Amino acid sequence: MKHFSILRGLMLAVCALMVNAVMGATISTTFFGASPAAGAIAMNAVALVAGNALPSGTLHAGVFTELWTGYLIKAFRTAPEQLGWYDRIRSFDQYVDNDVIHFTELGGDPAVLVNNTTYPLNITALQDADKPISLDKFDTEATPVTDDELHAISYDKMASVLERHREAIKEKVRQKAIHAIAPQSHVANTTPILSTTGEADGTRKRFCPADIVAAKAAFDAMKVPTTDRVLVLTTQHVNDLLLVDQKFREHYNINQTEGKIARLYGFDIYEYDGTPSYTSAGNKKQFGAAAASGDKQASVFFHVGSMMKANGSVQFYHQEAVNDPLYHRNLVNFRKWGICLPLKANCTRGAILSGATS
């Protein structure tokens, strides 16, 4: 009997090591694109430090809470290729404190006198002020993962669920970012909202190269630096250009590393279908507002140096199945703090809406 107990213990230990290895390899390849062997070794090391190897079919939050949170934080700080416009924006992560970022609002510039002959000179105080901004809070709804599922399909289910939570939050963060970057309404020489001028397709005027030139002219008039100008086109406007511009067709998606689909007329051009919508009167709709008749999805252009982004904390929430006597299910979800904004309220940026046919 004693020998049987020892053999049983060894078999359980081997099984636990194998489960840890499979979990580690899955995480390593799914979230980092790293070697499965490195993930397997790392997971077993964590399990050893934690004091036990991970048995199949359990969540073991004491080990995985920090692991999953760490993986999520890394994922949010690594922008996917197709969202290169977001990756271009300067990160202010290091200035975040308790999910609040502090800016110094400058109190203006001193007057400059030319060939002055009057003394004493005037004294003008420049009153700067601290401007704290709370980061946006993004929560996913909880997902149940039952013990029966974990027992039947090991850890693949959990890895899949957590990856989908991560991707859902990342997409919402990018949508909120481009919404904040887009201007609220047309203001001459500050936030121009232009209309497309291409051939009519029966319901609207198509986007054409002349519309990019119009955006360039608007930025030129506002003395926006000629470098780091970005234009984020809707899929509809990209399709319009593909129909009429051979140069654009030749460059479309040629750059797969930065996600930039072309560079035309001084703009680095990206494609993203999560841009905000505007009312028929040309006013930006609130984030998350329901679509209405007459809404128009906008392409957005901005200067990279005029924008900021910041990532705050990431929290992994869970309830173990052992605490759910009725359903025997684990519940998991995430909370992430982050923000993307223009550095100044009157920051120069613009939008392009599909023009009316009449």
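Phenylalanine 267 counts as buried because its relative accessibility is 0%, where buried means under 20% relative accessible area, exposed means over 50%, and partly exposed covers the range in between (1.4 Å probe, protein chains only). Phenylalanine 301 is likewise buried, at 0% relative accessibility. The model is a predicted one, in which local features need pLDDT of at least 70 and side-chain atom pairs count only at pLDDT 80 or more, whereas totals for chains, interfaces and linings use all residues. Residues are numbered from 1 along each chain as its sequence is written, and side-chain values use heavy atoms, with hydrogens and water left out.

The chain contains seven aromatic pairs, a pair being two rings of Phe, Tyr or Trp (its six-membered ring) whose centres lie within 6.5 Å; planes under 30 degrees apart count as stacked, over 60 as edge-to-face and the rest as tilted. Between phenylalanine 267 and phenylalanine 301 the ring centres are 6.0 Å apart and the planes stand at 80°, so this pair is edge-to-face. Because phenylalanine 267 belongs to strand β9 (residues 267–271) and phenylalanine 301 to strand β12 (residues 299–303), the pair ties together parts that are 34 residues apart in sequence. Elsewhere, Trp85, Tyr86 and Tyr272 are joined into a cluster by ring pairs.

Aromatic rings also meet charged side chains. The charged end of lysine 176 sits over the ring of phenylalanine 287, at 5.8 Å from its centre; the criterion is that NZ of Lys or CZ of Arg is within 6 Å of the ring centre and within 35 degrees of the ring normal. In the second example, the charged end of arginine 329 sits over the ring of tyrosine 327, 4.5 Å from the centre of that ring.

Charged side chains further form 15 salt bridges, each defined as a side-chain nitrogen of Lys or Arg within 4 Å of a carboxyl oxygen of Asp or Glu. Arginine 166 takes part in bridges to two glutamates. With glutamate 163, the closest N and O atoms are 3.8 Å apart, and with glutamate 167 the N to O distance is 2.3 Å. Glutamate 163 and arginine 166 both lie in helix α6 (residues 156–181), three residues apart, or about one turn of the helix. Arginine 166 counts as buried because its relative accessibility is 7%. Glutamate 163, at 28% relative accessibility, counts as partly exposed, and glutamate 167 is also partly exposed, at 36%.

Another bridge within a helix joins lysine 216 and aspartate 220, at 2.8 Å from N to O. These two residues lie four residues apart in helix α7 (residues 209–221), about one turn of the helix. Lysine 216 is partly exposed, with a relative accessible area of 31%, and aspartate 220 is partly exposed with a value of 31%. In addition, Arg88, Asp228, Arg263 and Asp268 are linked in a network of salt bridges.

Attention now turns to two loops. Leucine 113 is placed in the loop between β2 (100–105) and β3 (129–134), and at 52% relative accessibility it counts as exposed. Together with Tyr119 and Leu121, Leu113 forms a nonpolar patch on the surface, with about 360 Å² of accessible area in total. Such patches are made of residues with over 30% relative accessible area and no salt bridge; like charges are joined within 9 Å, and nonpolar side chains (Val, Leu, Ile, Met, Phe, Trp, Tyr) within 5 Å.

Glycine 294 is found in the loop between β10 (277–278) and β11 (296–297), and its 37% relative accessibility makes it partly exposed. Leaving aside residues up to four places away in sequence, glycine 294 touches Tyr278, Thr279 and Ser280, contact meaning heavy atoms within 4.5 Å. Glycine 294 and tyrosine 278 are 16 residues apart in sequence, with their C-alpha atoms 8.6 Å apart in space.

For the chain as a whole, the secondary structure comes to nine helices and 15 strands, which are DSSP runs numbered from the N terminus (helices H or I, at least four residues; strands E, at least two). Of the 358 residues of the chain, 42% count as buried. Among contacts with a separation of 6 or more, 73% involve residues 24 or more positions apart. The chain exposes about 19300 Å², of which carbon and sulfur atoms supply 55%; accessible areas come from the Shrake-Rupley method with a 1.4 Å probe, and for residues only the protein chains shown count as cover.
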